[in-house]
Amino acid sequence: MRYQTSRQWMITHEWMVKPMQQKEWIEKQGILVWLSEVFSALGTGLYLIAIFVDSWWGALAGYLIVMLLKLPLHLIYLGKPLRFWRTMPPFSGAWRTSWIARGVVFTVFFSIFGFLQLITSYILGSDFLASGQAHNMVYAADIILKIIAGFFVILTGIYCGFMMSCCKSVPFWNTGILPIVILNAGIADGLALVMGIGLLAGGVGVYGPEYFHNLEYASRIVLGVNAVLLGTYLMNASYQSSTAELSVRELLVGRVAVVFWLGIVFFGIVMPLAISFISMFTGDITTLLLVIAIIGHTAGAFALKYCILKVGIYKPILPKSIVF
């Protein structure tokens with residue numbers, strides 16, 4: 001009798017029994033999330049590669065992208081951005097359970113240590129200090145700050161992948177490979193952007209134009225790994241659940257297919273990889289082709305985050321077997 005009564009008052013809503021697309025992070029104000037994560041990948045990837053190749057201008061550009069584009073957009077979406085300090089320890093313990101709060105903490109720590117590292121690297125690259133004890137102390141401080149800032153910039157770039165992978169209601173995101181895909185894509189973007197800054201500066205860091213070949217070689221490897229990771233991610237999602245399989249179909253042949261094949265596959269992977277192989281066989285590459293490859297990389301960064309967010313689909317709450 002009690003079971004029959006429960007069936008009488010239970011009302012089945014469409015969102016309870018059908019897969020529904022998530023819109024909070026990609027439509028209307030949710031576009032801020034998309035742009036924030038794109039600039040996060042571009043800025044963190046550029047800064048990380050720049051400190052490895054001693055490109056001060058590259059590190060500065062990456063730092064500014066994170067501080068002036070990624071962080072403000074993120075805080076504006078959350079609302080009341082001036083209260084961001086409430087996510088920070090010791091004012092709050094939200095960082096223990098919330099990846100969004102952790103992301104703010106990571107970004108704040110990166111802003112501090114990254115700024116200090118830019119100062120020490122600038123001093124070393126200028127004539128402020130001659131060789132001696134003071135120079136050695138600044139050099140040691142610069143190495144330590146690069147390690148600390150590099151650690152926090154990786155966390156800043158990858159936390160959104162962990163945040164999405166912990167979302168059990170969206171099976172397409174709920175996989176451990178997603179943070180790796182995002183991190184590797186950010187590194188590829190960083191390699192492209194640091195070469196672009198090298199074109200403007202006449203070299204990469206303390207290295208001359210010939211160092212471009214080393215960066216192109218690294219770019220070929222990262223792009224190849226990126227293609228393998230992306231294919232593995234989609235294949236894994238196809239067998240994960242029916243809802244995740246629906247996301248994959250939307251990506252490959254559905255509403256987002258044009259952005260996926262044109263933005264991610266062609267502009268983000270195939271075109272830069274083809275230009276890189278051309279330079280490998282010819283031994284040289286024109287500035288025009290390099291600029292086209294860099295633009296393709298950047299377009300791929302926008303397309304990748306857009307597609308991942310756009311095809312996020314909530315799984316039904318009620319299994320078909322208990323739908324009234």
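A residue is called buried when its relative accessible area is under 20%, exposed when that area is over 50%, and partly exposed in between. The structure considered here is a predicted model, and this definition can be applied to several of its residues.

Consider Phe115, a residue of helix α5, which spans residues 99–125. Because its relative accessibility is 45%, Phe115 counts as partly exposed. Phe115 also belongs to a nonpolar patch on the surface, together with Phe109, Ile112, Leu116 and Ile119. The accessible area of these residues together is about 420 Å².

The next stop is Gln21, in strand β1, which covers residues 20–21. The side chain of Gln21 takes part in a polar contact of 3.1 Å with the side chain of Arg255. In addition, a polar atom of the Gln21 side chain lies 3.2 Å from the backbone oxygen of Lys310. When neighbours within four places in sequence are left aside, the residues in contact with Gln21 are Glu27, Arg255, Lys310, Gly312, Ile313 and Tyr314.

The cysteines remain to be examined. A disulfide is a covalent bond between the sulfur atoms of two cysteines. To be counted as a disulfide, a pair of cysteine sulfur atoms must be within 2.5 Å. By this rule, the number of disulfides is zero. Why does Cys166 form no such bond with Cys167? The sulfur of Cys167 is the closest cysteine sulfur to that of Cys166, but it is 8.9 Å away and therefore too far for a bond. As for their surroundings, Cys166 is partly exposed because its relative accessible area is 47%, whereas Cys307 is buried, with a relative accessible area of 1%.

Methods. Residues numbered from 1 in each chain as written. Predicted model: local features only at pLDDT ≥ 70, side-chain atom pairs only at ≥ 80, totals over all residues. Heavy atoms only, no water. Patch = residues over 30% accessible without salt bridge, like charges linked within 9 Å, V, L, I, M, F, W, Y side chains within 5 Å. Areas by Shrake-Rupley, 256 points an atom, 1.4 Å probe, with all protein chains shown as cover. Salt bridge = Lys/Arg side-chain N within 4 Å of Asp/Glu carboxyl O. Helix = DSSP H or I, 4+ residues; strand = E, 2+ residues; numbered from the N terminus. Buried < 20%, exposed > 50% of the residue type's maximum accessible area, 1.4 Å probe, protein only. Polar contact = N/O pair within 3.5 Å; in protein donor to acceptor, adjacent residues only side chain to side chain. Contact = heavy atoms within 4.5 Å.
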